[in-house]
Amino acid sequence: MNWHSTPFEDIFEQSGTSPTGLTETEASKRLDERGRNKLDEGKTKGLFARFIGQFKNVMVIVLIAAALISAGVTVYEVISGEPDALQGFADVGIILAIVVINAVIGVIQESKAEAALTALKKMSEQYAKVKRGGIIRSIPIAEVAEGDIVILEAGDICPADVRLISSASLKAEESALTGESAAVEKSEKAVVSEAAGLGDRTNMVFSSSVVTYGRGEGVAVATGMRTEIGKIAAMLNAAKETLTPIQKKLDKTGKFISIAVLIIAAFIFVLGIVSALIAKSLSIDTGIAAFMTAVAIAVAAIPEGLTAVITIIMALGVQKMSRRNAIIRRLPAVETLGSTEVICSDKTGTL
């Protein structure tokens, strides 16, 4: 509904409440039906999903493939009784160890950041004053239901989209929605057209707005993801995750190196087979030797230490940031922040 253009006398009827507010039973029923008053934070990745996510890198995938091929050939050599065949397992172990350590460092950092953010949310849990059954109570913002009579005073964060029913010199700062840093005067007596923009709906106080002056009362007409700030959260949740500058460069470098290495390895393998054919000595053993030479060159050419070195450098950067009370959720974000050259904004007052 367009609550800002709803006639004052119809507010209680349309919202299914009264000047004394909802009863506890009705409030609980509405919370069950419409959900708690909180924004959807999107799907959270489990520990296993985070671990698997660390392997989304071309060079890492090629390294794993090379390690598996080397392991397969080494097993064949052991079965065939080749001397020093077990040395191949050491090479495979080193490659896989680098890949796994890199993934573990990334997972540990993400888990630490998530834990810190969760702790901050618990510490900063906000409360709202509502009128239920004529009695004013202080409840967690998540428990505010549509139809609750919300009491707003200077310093309060508005817990929902509220249609005012009374006010006294009420002003609210709503830059999160409109970008305007100056506080806006609010009044239940304001007449607002249906087509009015958010900044012109002066008979409404929106969720996440901060009351800077005066006091007022109003009906919570939208909560959670149905609020105006909730609509913004929905758009953010729907946004596709983009690669950071260093991830783009690593992917580009990885693809170039991988393609070049595969072409060279294939050329060397074919050259070995052709040489054996010319020498009339082609056999399973010479074919395996040519194949192993190609695999060895491929593994040697791929800079398996690059991923680990970059991860360690980023981890050190995250530790430095944490000592300055900055929480970095994902390691590549450190590099992204450093790559920022220009910030464009048309609301310098808000900044």
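Two exercises on this predicted model follow, each with a worked solution.

Residues are numbered from 1 along each chain as its sequence is written, and side-chain values use heavy atoms, with hydrogens and water left out. In this predicted model, local features need pLDDT of at least 70 and side-chain atom pairs count only at pLDDT 80 or more, whereas totals for chains, interfaces and linings use all residues.

**Exercise 1.** Work out whether the protein is more spread out or less spread out than a compact globule.

*Solution.* Begin with the secondary structure, which comes to eleven helices and seven strands (DSSP runs, H or I of at least four residues for helices and E of at least two for strands, numbered from the N terminus). Next, take the radius of gyration, 31 Å, and set it against the 20 Å that the globule rule gives for 351 residues; the value is well over the rule, so the protein is more spread out than a compact globule. Both use C-alpha atoms or residue number, the rule being 2.2 Å times the number of residues to the power 0.38. Finally, the C-alpha atoms fill a box of roughly 100 × 45 × 40 Å along the principal axes.

**Exercise 2.** Find which residues of helix α2 are buried, and where they lie around its axis.

*Solution.* In α2 (residues 24-34), the buried residues are Ala27, Arg30 and Leu31, where buried means under 20% relative accessible area and exposed over 50%, with a 1.4 Å probe and protein chains only. They cover an arc of only 100 degrees (from the directions of the C-beta atoms from the helix axis), which puts them on the same side of α2. On the other side, Thr25, Asp32 and Glu33 are exposed. The buried residues pack against α1 (11-15) and β1 (127-132), with contact meaning heavy atoms within 4.5 Å.
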